[in-house]
Amino acid sequence: MARVLVVGAGLTGGACAALLRGVALVRVAVWDKARGAGGRMSTSRSARDAACTADLGAQYITLETERAGPRRSFCEELLSHGILKPLTAPIEGMVVKEGSCNYVAPQGISSVVKYYLKQSGADVFYEQHVTHICLRDGKWEVSRKMGPPEQFDVVILTMPVPQILQLQGDIVNIINESQKQQLESASYSSRYALGLFYEASTRIDVPWAAQYITDNPCIRFISIDNKKRNIESPEIGPSVVVHTTVTFGSEHLDSDPAEVQQLILSHLERIVPSLPKPASIKCQKWRYSQVTKAVPNFPRQMILHTQPLLICGGDGFTQSNFNGCIDSAMSLAEAVKSHL
Ligand SMILES: Cc1cc2nc3c(=O)[nH]c(=O)nc-3n(C[C@H](O)[C@H](O)[C@H](O)COP(=O)(O)OP(=O)(O)OC[C@H]3O[C@@H](n4cnc5c(N)ncnc54)[C@H](O)[C@@H]3O)c2cc1C
C-alpha cells in the first residue's frame with residue numbers, strides 16, 4: 001500500500017482526495033491544522049446553538065456555464081445531492097456575469113468540502129499542524145506540532161502558498177531557486193469576517209439577503225446568511241456575516257482582535273441601524289483571503305520533488321474560486337496517479 005498524505009482539508013484537498021478514491025494499492029490520509037473541514041470554505045456555528053451557522057469565508061459558488069468544461073459535472077453532482085442549490089435570494093450590488101450561475105450551500109459552504117472528504121473514503125485527521133517535511137529512506141517523514149512524525153510515499157500540499165514556504169526541514173532545500181521565486185511572487189488579500197448569531201425567533205427586517213457596500217472604509221459585504229441560503233426557519237436563529245474591505249483587513253492585520261471586532265460593529269450599526277443585538281459573535285481573520293496574484297502562468301500545481309513525490313496545489317496556482325480549486329485538484333490527482 002502506498003501512503004498518500006494530503007495536507008489541507010479545504011476544497012482543493014477534499015476534491016483531490018475524492019479523485020484519488022479507488023486508485024489501487026493507495027491509502028489516503030488528510031491532515032488539517034484546523035478543528036474541522038472547509039478551510040476558507042468555512043461554516044461556523046453559534047457558541048449557543050449549533051444549529052445556527054454562518055459562512056465566514058466563501059459565500060457562493062459561481063459556474064460559467066459555457067466555459068465550465070469538466071467542472072460542470074462536479075457542480076451537477078453537488079446539485080443532485082442537494083449540497084448546492086441555485087442562489088435565488090436578492091443580493092444588492094452583485095455583478096452577475098452573463099452566462100454564469102451562482103449556487104449556495106443550504107447546509108453551509110463547508111458541506112461542499114465535507115461531501116468530497118466523505119466521498120474520498122480517506123482517513124481524515126484534524127488539529128494536525130504540519131511543521132517539517134524531511135526525506136528519510138526514500139519516503140517523506142512528516143512532522144506535526146503534536147504527535148510523532150509519520151512516513152508517507154507521496155505528500156500533497158494544498159495550503160495557501162505562503163504557508164507552504166513556512167514549512168521547515170528538507171523541503172526548504174528541495175524547493176529550487178526558480179520555484180521559490182515563483183512561489184514567493186504569489187500574493188493574497190487579507191480581510192476580516194464577523195459572524196453574528198441570533199436567538200431563534202429574532203427577526204431581521206431588511207429587504208435584502210445580502211448586499212455589497214461600496215462607500216464604507218471598513219465593510220464591503222453584509223449577508224443575512226440563513227436568508228442567503230434560503231433556510232429561514234422559526235426554530236433556528238438567523239445569522240449575519242460581515243466581510244471587511246481588503247484595505248481595512250491589511251491595515252488591521254496585527255491589531256487587537258477585540259478592537260477590530262468593535263470597529264466593525266460600530267460601522268455595521270451605522271449601515272444597518274435596525275440590526276438587533278446578537279447572542280454571540282465570532283471574529284475571523286483571513287490573513288490569506290483571496291489570491292490577488294497567482295503563481296506565474298497558473299500552473300494548477302507544482303512538483304517540488306519526483307521520487308518520492310512532493311507536490312503542491314490550491315487556489316494560489318489557479319484562482320480563488322470553485323473552478324480554480326477543482327482545476328488544481330484534478331491536476332494534482334492526475335500527477336499523483338501518473339507517479340504511482
Ligand atoms: C472571505 C472570503 C470570501 C470568499 N468568497 C468566495 C466566494 O464567494 N466564492 C468562491 O468560489 N470562493 C470564495 N473565496 C475563495 C475560496 O474560499 C478559496 O479559493 C478556497 O476555499 C481555497 O481552497 P483551498 O483548499 O485551495 O485552500 P484552503 O481552503 O485555504 O485550505 C487549506 C487548508 O490547509 C490547512 N493548513 C494550512 N497550513 C497547514 C499546516 N501547516 N498543516 C496542516 N494544515 C494546514 C488550513 O487549515 C486549510 O484548511 C473566498 C475566500 C474568503 C477568505
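Below, a biologist questions a modeller about a predicted model with a ligand.

Biologist: What surrounds the ligand?

Modeller: A shell of 33 residues. The closest are Thr12, Asp32, Arg40, Tyr60 and Asp315. Each residue of the shell counts as near because one of its heavy atoms lies within 4 Å of the ligand.

Biologist: What makes the pair between threonine 12 and the ligand a polar contact?

Modeller: The cut-off for a pair of N or O atoms is within 3.5 Å. An N or O atom in the side chain of threonine 12 is 2.7 Å from an oxygen atom of the ligand. The pair therefore qualifies as a polar contact.

Biologist: Which backbone atoms lie 3.1 Å from the ligand?

Modeller: One is a backbone N or O atom of lysine 33, which lies 3.1 Å from a ligand nitrogen. Another is a polar backbone atom of glutamine 59, 3.1 Å from a ligand oxygen. The protein covers 94% of the ligand's own accessible area of 1,000 Å².

Biologist: Which helices each supply at least two residues of the shell?

Modeller: Helix H1 (11–19) and helix H10 (322–339). By class, the shell has 11 nonpolar, 17 polar and five charged residues.

Biologist: Why is lysine 228 called buried?

Modeller: Buried means under 20% relative accessible area. Lysine 228 has 0%, so the term applies. This lysine lies in helix H7 (residues 225–228).

Biologist: How do you know that the side chains of lysine 228 and glutamine 59 are joined?

Modeller: Their polar contact is 3.0 Å. The limit is 3.5 Å, so the pair falls within it. Glutamine 59 also has the polar backbone atom 3.1 Å from a ligand oxygen. Beyond four places in sequence, lysine 228 is in contact with residues including Asp55, Leu87, Val104 and Ser223.

Biologist: Why is asparagine 102 called buried?

Modeller: Its relative accessible area is 11%, and the term needs under 20%, so asparagine 102 is buried. It lies in strand S8 (residues 100–104).

Biologist: Which side chain shares a polar contact with that of asparagine 102?

Modeller: Threonine 62, at 2.6 Å. Tyr60, Ile61 and Met94 are among the other contacts of asparagine 102 beyond four places in sequence. Tyr60 is also one of the closest residues to the ligand.

Biologist: What does the UniProt record say about residues 97–336?

Modeller: The unreviewed entry annotates them as "domain: Amine oxidase". In the model, that stretch is 28% helix and 30% strand. Its end C-alpha atoms are 35 Å apart.

How values were computed
Residues are numbered from 1 along each chain as its sequence is written. This is a predicted model: local features need pLDDT of at least 70, side-chain atom pairs count only at pLDDT 80 or more; totals for chains, interfaces and linings use all residues. Side-chain values use heavy atoms; hydrogens and water are left out. A polar contact is a pair of N or O atoms within 3.5 Å; within protein, one must be able to donate a hydrogen and the other to accept it, and residues adjacent in sequence count only if both atoms are side-chain atoms. Accessible areas come from the Shrake-Rupley method with a 1.4 Å probe; for residues, only the protein chains shown count as cover. Helices (H or I, at least four residues) and strands (E, at least two) are DSSP runs, numbered from the N terminus. Ala, Val, Leu, Ile, Met, Phe, Trp, Tyr, Cys and Pro count as nonpolar, Asp, Glu, Lys and Arg as charged, and the others, Gly among them, as polar. Buried means under 20% relative accessible area, exposed over 50%, partly exposed in between (1.4 Å probe, protein chains only). Contact means heavy atoms within 4.5 Å. UniProt positions are given in the numbering used here, feature names are shortened, and annotations may be inferred rather than shown by experiment.
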